[in-house]
Amino acid sequence: MTDVTSTWTEPSNTATALLLLGRGSDPASERGVDCPGDLPAPSDPDLVARATAAKAALGDRVFVLGHHYQRDEVIQFADVTGDSFKLAQQAAARPGAEFIVFCGVHFMAESADILTKPEQKVILPDLAAGCSMADMAVLGQVETAWERFEDLGIAGDVVPVTYMNSSADIKGFVGRNKGVVCTSSNAKRALDWSFEQGSKVFFLPDQHLGRNTAVLEMGFDLDDCVLYDPHKPGGGLTDEQLRSARMILWRGHCSVHGRFTIDSVREVRERVPGVNVLVHPECRHDVVRAADYVGSTEYIIKALDAAPAGSAWAVGTELNLVRRLALAHPDKQIMFLDRTVCYCSTMNRIDLPHLVWALEELVAGRVPNVITVDEDTAHNARVALDQMLALP
Ligand code: 13P
Ligand code: SF4
């Protein structure tokens with residue numbers, strides 16, 4: 001029999017290596033995976049009571065933020081729920097809270113740290129809650145791309161734009177190079193502003209949001225967009241392709257939204273006559289084109305709130321949110337666009353045991369899993385975030 005353990009070697013800590021949960025961490029990326037401390041057992045029947053008691057003991061000292069993709073067991077303890085942008089704003093609006101417990105993923109906690117006061121501590125209950133899309137753009141790779149633009153003499157024409165779903169390092173790079181952060185709800189406004197500053201946009205890290213916004217909302221052709229692949233020499237693009245492109249898209253995507261296919265759309269239209277297909281702009285271009293409505297998480301929530309009773313909706317976004325919306329609107333037929341399960345596995349790392357552990361540590365006077373962005377990076381990232389907040 002083959003001894004499988006003897007063939008295994010620990011992955012090296014490179015930009016692409018996968019780090020096993022609990023087997024080390026890479027503080028320079030989204031892939032922090034250590035989780036110190038004793039977690040309560042998931043089967044503990046007192047978890048809800050323990051979270052309630054710890055939160056009550058902390059009172060106004062703690063503020064709990066919950067992203068829409070979080071599990072219900074965690075969302076029930078959130079003081080506010082929202083998309084990544086709204087949550088960052090909410091964190092900034094609570095200068096009195098000593099501790100911001102962020103039930104979301106790493107890049108969101110970083111943004112909260114950037115926007116809150118230095119004495120406030122932002123806590124991520126499980127450091128393994130990263131984002132695979134944010135991990136697809138590593139600072140060194142992005143700087144290499146920029147050097148290529150400089151060598152070609154086009155860097156002065158290029159405005160870098162990064163989606164909120166990126167690490168603080170990348171936001172800092174964008175701030176240093178006179179660009180802007182965007183979210184899925186203001187991507188068009190960010191691109192309008194960027195094309196007033198330069199003739200090209202370098203869009204990070206989500207190729208789909210960049211392409212969908214440029215082509216479907218701004219009238220660009222698919223041919224105006226090129227895909228920069230950081231794993232290929234020179235990004236896999238010729239000098240001529242880079243010179244003529246209007247949108248240079250980074251080869252990154254969301255592993256959750258990227259799963260929806262045009263077949264899912266066809267299948268649901270055949271199965272449910274009259275169904276409205278509503279998807280997030282992180283979905284692939286052909287899926288978004290085939291959908292009836294496209295918009296951010298907050299847009300999806302509002303669209304379903306406003307939908308008439310009896311209407312049918314197939315929704316292409318994370319499953320926790322779609323389930324919650326279906327339960328909230330029993331008078332509407334709300335279903336998941338795909339037949340296979342599509343949770344965001346890293347968002348789901350934040351479960352009730354981790355939340356109880358983090359809150360009880362705070363009650364005991366210990367501050368666990370603090371997310372801190374160094375001052376230089378935070379300063380530059382704030383420039384790009386402030387530019388987003390100042391968008392016309
Ligand atoms: P929004 O919540 O900003 O729409 O982003 C979706 C997402 O994938 C968050 O990780
Ligand atoms: Fe990242 Fe996609 Fe998960 Fe959002 S849903 S945290 S973009 S992997």
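**View 1. The shell around ligand 2 has eight nonpolar, three polar and one charged residues.** The model is predicted. The residues that surround ligand 2 are Y69, V105, C131, S132, M133, N165, C254, S255, V256, E282, C344 and M347. E282 is the charged member of this shell, because Asp, Glu, Lys and Arg are the residues that count as charged. The space that ligand 2 takes up is the largest cavity.

**View 2. The largest cavity has a volume of about 280 Å³.** The count of cavities of 30 Å³ or more comes to one. The lining is made up of 25 residues, and those nearest the centre of the cavity are Y69, F107, M108, N165 and E282. Sorted by class, the lining holds 11 nonpolar, 11 polar and three charged residues. Helices α5 (106–115) and α6 (132–135) each contribute at least two residues to this lining. Ligand 2 occupies this cavity, and Y69, N165 and E282 are among the residues around the ligand.

**View 3. F202 and Y228 form an edge-to-face aromatic pair.** The model has 11 aromatic pairs by the rule applied here. In the pair of F202 and Y228, the ring centres are 6.4 Å apart and the planes make an angle of 75 degrees. The angle is over 60 degrees, so the pair counts as edge-to-face. The pair links distant parts of the chain: F202 belongs to strand β7 (residues 200–204) and Y228 to strand β8 (residues 225–228), with the two positions 26 residues apart in numbering. F202 has a relative accessibility of 0% and therefore counts as buried. Y228, at 4% relative accessibility, also counts as buried.

**View 4. Y293 and W313 form a tilted aromatic pair.** The ring centres of Y293 and W313 lie 5.6 Å apart, and their planes are at 35 degrees, so the pair is classed as tilted. Y293 is in strand β11 (residues 293–294) and W313 is in strand β12 (residues 312–316), so the pair ties together parts of the chain that are 20 residues apart in sequence. Y293 is partly exposed, with a relative accessible area of 35%. W313 is buried, its relative accessible area being 6%.

**View 5. W146, F149, F173, F202, Y228 and W250 form one aromatic cluster.** Among the members of this cluster are F202 and Y228, the edge-to-face pair of View 3. Within the cluster, F202 is buried at 0% relative accessibility, and Y228 is buried at 4%.

**View 6. K178 has a positive phi although it is not a glycine.** The phi angle of K178 is about 60 degrees. K178 is placed in the loop between helix α8 (168–176) and strand β6 (180–182). With a relative accessibility of 68%, K178 counts as exposed, because the cut-off for that class is over 50%.

**View 7. N369 has a positive phi although it is not a glycine.** The phi angle of N369 is about 50 degrees. N369 is found in the loop that runs between helices α16 (352–363) and α17 (375–389). N369 is buried, with a relative accessible area of 9%, whereas K178 in View 6 counts as exposed.

Definitions and conventions:
Residues numbered from 1 in each chain as written. Chains lettered and ligands numbered in written order. Predicted model: local features only at pLDDT ≥ 70, side-chain atom pairs only at ≥ 80, totals over all residues. Heavy atoms only, no water. 1 Å grid on protein atoms, 1.4 Å probe; cavity = no way out; pocket = protein on both sides within 12 Å on 5 of 7 lines; lining within 4 Å. Points joined across faces, edges and corners; volume = space filled by probe spheres on them. Helix = DSSP H or I, 4+ residues; strand = E, 2+ residues; numbered from the N terminus. Near = heavy atom within 4 Å. Sits in = over half its atoms within 2 Å of the grid points. Phe/Tyr/Trp six-rings, centres within 6.5 Å; stacked < 30°, edge-to-face > 60°. Buried < 20%, exposed > 50% of the residue type's maximum accessible area, 1.4 Å probe, protein only.
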